[in-house]
Amino acid sequence: MQRHDHEFESVPPDGRPDAAQPRWRRDFPIDWPKDELIARRDFTRFMVLTSLGFTVGQGWIALQSLLGHPSATAKPIVAVEGIPVGGSLTFDFPHEHDNCVLVRRGRNDFVAYSQKCTHLSCPVQPRPKEGTLHCPCHNGTFDLADGRPLGGPPRRPLPIIELEVRDGIVYATGVKERTS
Amino acid sequence: MSDHPHTRSQSKVIVGGILGVVLMLNVLQLWLLTATMNAYLGGDTSITIPALLASGVCLLLNVGLLRYLRDR
């Protein structure tokens with residue numbers, strides 16, 4: 001003979017006796033404790049699935065890092081006389097859609113950075129008179145001297161485009177990414 | 001005799017505890033993912049493999065806890 005286990009009776013959520021429950025609850029009893037238990041188990045399964053998703057994301061990043069980036073070859077950008085002091089110029093380096101910006105800060109002072117804001121990739125605009133690069137999307141600001149973030153949401157500095165001046169021509173020779 | 005090794009309220013507490021641990025591991029994995037992505041975008045690829053291993057350990061712990069839950 002099975003012992004009647006009171007634990008497994010239907011328990012109304014308000015805790016009142018069956019006689020005090022509305023008619024519909026007496027007609028359609030639901031095992032609320034069991035329902036809660038099952039709901040927690042299902043949620044735990046879902047969280048483990050999310051955990052798998054995170055691990056897959058980590059794997060993707062690891063794979064991308066192992067594949068590596070193709071090395072950049074030097075590319076001529078502009079003649080030194082073609083850009084005035086305080087002027088700027090956009091160009092693509094190392095590939096077609098890698099937008100960059102070159103700024104001539106002084107007679108022999110050229111700086112270039114990737115134009116993609118490190119926040120959400122909006123194109124940054126040079127402001128040579130203020131000594132900054134400004135992102136219009138969320139008001140991010142970078143120091144024109146070294147590309148480091150000065151204000152707004154960006155946290156990472158802009159990648160530096162390494163330059164060389166040979167025979168009166170400014171060349172882009174490499175990309176230097178930084179985390180700080 | 002009841003077939004259940006635990007009472008209903010005990011089961012709820014156990015499941016709730018396991019869920020709490022799983023949630024904490026998930027938060028850890030989320031932080032790990034964002035930190036790794038930030039480093040990778042900044043050109044630092046040295047942490048990608050260690051981060052993947054750490055995330056894998058978290059996943060194994062989560063799966064183990066889920067199996068324990070299922071076996072009960």
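1. Salt bridges, total. In this predicted model, a search of the whole structure returns six salt bridges over all chains. Three of them, each within chain A, are taken up in the points below, among them the pair of Arg105(A) and Asp109(A).

2. Arg105(A) and Asp109(A). The side chains of these two residues meet in a salt bridge, with an N to O distance of 3.3 Å. Arg105(A) has a relative accessible area of 39% and is therefore partly exposed. Asp109(A), at 29% relative accessibility, also counts as partly exposed.

3. Asp146(A) and Arg148(A). A salt bridge links Arg148(A) to Asp146(A), and the closest N and O atoms are 3.5 Å apart. The relative accessible area of Arg148(A) is 35%, so the residue is classed as partly exposed. For Asp146(A) the value is 26%, again partly exposed.

4. Glu164(A), Arg166(A) and Tyr171(A). Arg166(A) takes part in two of the listed features. With Glu164(A) it forms a salt bridge in which the closest N and O atoms lie 2.9 Å apart. The charged end of Arg166(A) also sits over the ring of Tyr171(A), at 4.5 Å from the ring centre. Arg166(A) is partly exposed, with 36% relative accessible area, and Glu164(A) is partly exposed at 37% relative accessibility.

5. Aromatic pairs. By the rule applied, the count of aromatic pairs over all chains is zero. The ring of Tyr171(A) nevertheless has the charged end of Arg166(A) over it.

6. Extent of the interface. On the side of chain A, 34 residues are in contact with chain B, where 42 residues take part. Between them the two chains bury about 3,500 Å², and 66% of this area is on carbon and sulfur atoms. Phe54(A), Gln58(A) and Ile61(A) together supply 19% of the area that chain A buries against chain B, more than any other three residues.

7. Polar features of the interface. Which kinds of residue make up the side of chain A that touches chain B? That side divides into eleven nonpolar, eleven polar and twelve charged residues. Although twelve charged residues are present on this side, the rule finds zero salt bridges across the interface of chain A and chain B. Polar contacts do cross the interface: ten residue pairs are found, with both residues at pLDDT 80 or more.

Conventions. Residues are numbered from 1 along each chain as its sequence is written. Chains are lettered from A and ligands numbered from 1 in the order in which they are written. This is a predicted model: local features need pLDDT of at least 70, side-chain atom pairs count only at pLDDT 80 or more; totals for chains, interfaces and linings use all residues. Side-chain values use heavy atoms; hydrogens and water are left out. Contact means heavy atoms within 4.5 Å. Buried area is the accessible area (1.4 Å probe) that two parts lose on being put together, summed over both. A salt bridge is a side-chain nitrogen of Lys or Arg within 4 Å of a carboxyl oxygen of Asp or Glu. A polar contact is a pair of N or O atoms within 3.5 Å; within protein, one must be able to donate a hydrogen and the other to accept it, and residues adjacent in sequence count only if both atoms are side-chain atoms. Ala, Val, Leu, Ile, Met, Phe, Trp, Tyr, Cys and Pro count as nonpolar, Asp, Glu, Lys and Arg as charged, and the others, Gly among them, as polar. Rings of Phe, Tyr and Trp (its six-membered ring) pair if their centres lie within 6.5 Å; planes under 30 degrees apart count as stacked, over 60 as edge-to-face and the rest as tilted. A charge sits over a ring if NZ of Lys or CZ of Arg is within 6 Å of the ring centre and within 35 degrees of the ring normal. Buried means under 20% relative accessible area, exposed over 50%, partly exposed in between (1.4 Å probe, protein chains only).
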